[in-house]
Amino acid sequence: MKRRLIVACGSGVATSQTIASKIASLLEDDGIDFPVEAVDYKSIQNELPSTGIYVYVAQPDDEVLEKADELGVKVFPGIPFLTGMGAVQIYDDIKALVE
């Protein structure tokens, strides 16, 4: 797996940065060194080839999902990291990929 996780939202600043920080903190707490970056959705097609895990804020369009699938990028929803509902299961799935 490519050694990077990206979180994408419209601007790559507010929501994606918050989620990226939460995921990075959880990984660090578990002693896992894995790069986590917030990016803007407009650049997602350029970011996917160097990414192993993509966490989205807004549902990505079919073209992005097809590209992720073609590249073997695992895709997860990011909103649970804001609401807390379902975040543990998604984090456990991410953690299993990066360990």
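## Contacts of Ile-23

In this predicted model, Ile-23 touches Leu-5, Val-7, Val-36, Val-55, Phe-81 and Tyr-91, not counting neighbours within four places in sequence. Ile-23 also belongs to the largest nonpolar core, where Ile-23, Leu-5 and Val-55 have the most contacts inside the core.

## Nonpolar cores

The largest nonpolar core holds 20 residues. Two or more of its residues come from each of β1 (5-9), α1 (15-29), β3 (53-56) and α5 (87-98). With 5 residues, α5 supplies the largest share. A second core lies apart from this one and has 10 residues, including Val-39, Ile-44, Tyr-56 and Val-73.

In soluble globular proteins, nonpolar side chains tend to be buried together.

## The sheet

Four strands form an open sheet in the order β2-β1-β3-β4, and their pairing is parallel. β2 (36-40) and β4 (74-77) are the edge strands; each has a single partner strand, so one side of each has no neighbour in the sheet. From one strand to the next, the twist averages 25°.

β1 and β3 run parallel and are joined by 4 bridges. Leu-5 has Ile-53 in β3 as its bridge partner. Leu-5 is also one of the residues with the most contacts inside the largest core, and Leu-5 is in contact with Ile-23.

## Helix α1 against the sheet

α1 lies across three strands, β1, β2 and β3. Relative to β2, α1 runs at about 170°. α1 is also among the elements that give two or more residues to the largest core, as are β1 and β3.

Methods. Residues are numbered from 1 along each chain as its sequence is written. This is a predicted model: local features need pLDDT of at least 70, side-chain atom pairs count only at pLDDT 80 or more; totals for chains, interfaces and linings use all residues. Side-chain values use heavy atoms; hydrogens and water are left out. A nonpolar core is a set of buried Ala, Val, Leu, Ile, Met, Phe, Trp, Tyr and Cys residues joined through side-chain atoms within 4.5 Å. Buried means under 20% relative accessible area, exposed over 50%, partly exposed in between (1.4 Å probe, protein chains only). Contact means heavy atoms within 4.5 Å. Two strands pair if DSSP finds at least two bridges between them. Axes are lines fitted to C-alpha atoms, for helices over the stretch in contact, and angles run from 0 to 180 degrees between N-to-C directions.
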